[in-house]
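Subject: Handing over the structure

Hello,

Here is the structure I promised to pass on. Please open it alongside this email, then read the notes below.

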Amino acid sequence: MAEELVMPRLSDTMEQGTIGRWLVHEGDAIAEGDVIAEIETDKATMEFQAYAPGTVLKILVGDGETADLGAPIAIVGEPGEEVPESSPKPDPDATPRHAAPAEGERPAASPPAVVAAPPRAAESGNGASAGTVRVSPIARRMADAAGLDLSRLAGRGSGPDGRIVKVDVERLLAEGTAPASAPEIAEVRRSEPPSPAADEVRELTPMLKAIAHRMAESKATVPHFYVTAEADMTRAVQMRAELNEGLADRGGKISLNDLIVRACAMALLDHPQAHRSYVDGRHVYHAHANVGIAVALDDGLIVPVVREADAKTVLEISAETRDLAGRARSGGLKQHEIEGATFTVSNLGMFGVSQFSAIINPPESAILAVGATVERPVVVDGQMAVRSIMAVTLACDHRACSGADGARLLQTITRNLQAPSLLLA
């Protein structure tokens, strides 16, 4: 019997999902466990697996198109079965029969991370004189990369209501990006030329909506306080160079941020009063330091999590961090890899930022903002010397830890960094 495959709930904050791409076509047979689509949520791109065998009879939501939670996205059934014209509206909270998130991607019971997914799940607009141009996120990215002006296709895309989707951009690229060869496009371009001075208006992606909501909520409801210190990173810089020289033949490489993550994880276990969350009027003490690492994307931010960083070596943290950051930028993170952090490290030092303050990601109680490591003259044992100095600012939730608790935590973090051999224990 033909049944609807609906947009599932893949995160606690999800209201809509975007089909990144279908991995099957109409008429394809699917087996239980097959990955049949990639769905972009407000946090990450998720693999969508078949729950049961069947045949894809009809795809209702195409690549790059968005559907509400619980809305039909495809119809599955037996080969040759007639596709029903309509069927009962699905329950948004119900689990779809024929498909599911891939193993390990079900949303955790704990509150979600600030950010999630690559910025690909909302329509874009172009403020041209012809009006708003409806474009899918994938089509927008492809057009931007190729330098295509999509305003000439306003209202003439293959998607619903003339929305420009992936296949429209692919067609233009296959034609040598010469849209003037299509008479109807040329006509639009002559009659409604885009204004070069017009501002471009784009809808927020689900990820950016989540960031805006969570950060505003955090600043409005979490009583932040900040403590700042400087760490002498001279020995850490030297040790890193020695380690990387020894790891060169093995292909490994350690960054200063890996040392910082390890230093924070060790310090968090030493200061349980600063490593607890304020949740519903209670304190939740964390058994392990799950350290989130803020990763900048082209249009937003995502925070993958190094779980139990306190139990991992610097080399293990380095390898895991590189893997997580790479998949964060390519949109390949799983749901469980962006949830459950107890503390976050946000490092803007690579941008030359000397010092900044970060916003806490609830229910975490603290976040460390890391500035650039710079060489400057300082007094050491009564003598002037050039040292590598790094500023760090810890933002704390005053409901979870006191000013003294936060200061002690930051003091231990800097001590660990200034005696880097401790990080190798």
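The expected span of a helix is 1.5 Å times one less than its number of residues. Keep that in mind for the helix below. One caution before it: this is a predicted model.

Helix α6

Start with α6, residues 256–270. How far apart should its ends be? With 15 residues at 1.5 Å a residue, the helix should span 21 Å. Its end C-alpha atoms are 21 Å apart, so the model agrees with the expected value.

Is α6 mostly covered or mostly uncovered? Mostly covered: twelve of the 15 residues are buried. Buried means under 20% relative accessible area. The run from Leu256 through Asn257, Asp258, Leu259 and Ile260 is buried. Val261, Arg262, Ala263, Cys264 and Ala265 are buried as well. Ala267 and Leu268 complete the list.

Strands β17, β18 and β19

Next, look at β18, residues 366–380. Strand β18 pairs with β17, residues 343–347, in the parallel sense. Four bridges link β17 and β18. To find the pairing on screen, go to Thr344, which stands opposite Ile367 in β18.

Strand β18 also pairs with β19, residues 383–397. Here the sense is antiparallel, over 13 bridges. Val378 is a good place to look: its bridge partner in β19 is Ala385.

Strands β18 and β19 form a hairpin with two residues between the strands. Asp381 sits in that loop. Its phi is positive, about 55°, although Asp381 is not a glycine. Is Asp381 buried or exposed? Exposed, because its relative accessible area is 79% and the cut-off for exposed is over 50%.

Other backbone points

Most residues other than glycine have a negative phi, and most peptide bonds are trans. That is the background for Asp381 above, and for two further places.

Glu308 is not a glycine, yet has a positive phi of about 50°. Where is Glu308 found? In the loop between β16 (305–306) and α7 (314–330). Glu308 counts as partly exposed, because its relative accessibility is 38%.

The other place is a peptide bond. Pro362 and Pro363 are joined in the cis form, with omega about 5°. Pro363 is found in the loop between β17 and β18.

Where to look

Try α6 for the buried residues. Then follow β18 to its hairpin with β19 and Asp381. Finish at the cis bond between Pro362 and Pro363.

Best wishes

Methods: Residues are numbered from 1 along each chain as its sequence is written. This is a predicted model: local features need pLDDT of at least 70, side-chain atom pairs count only at pLDDT 80 or more; totals for chains, interfaces and linings use all residues. Side-chain values use heavy atoms; hydrogens and water are left out. Two strands pair if DSSP finds at least two bridges between them. Buried means under 20% relative accessible area, exposed over 50%, partly exposed in between (1.4 Å probe, protein chains only).
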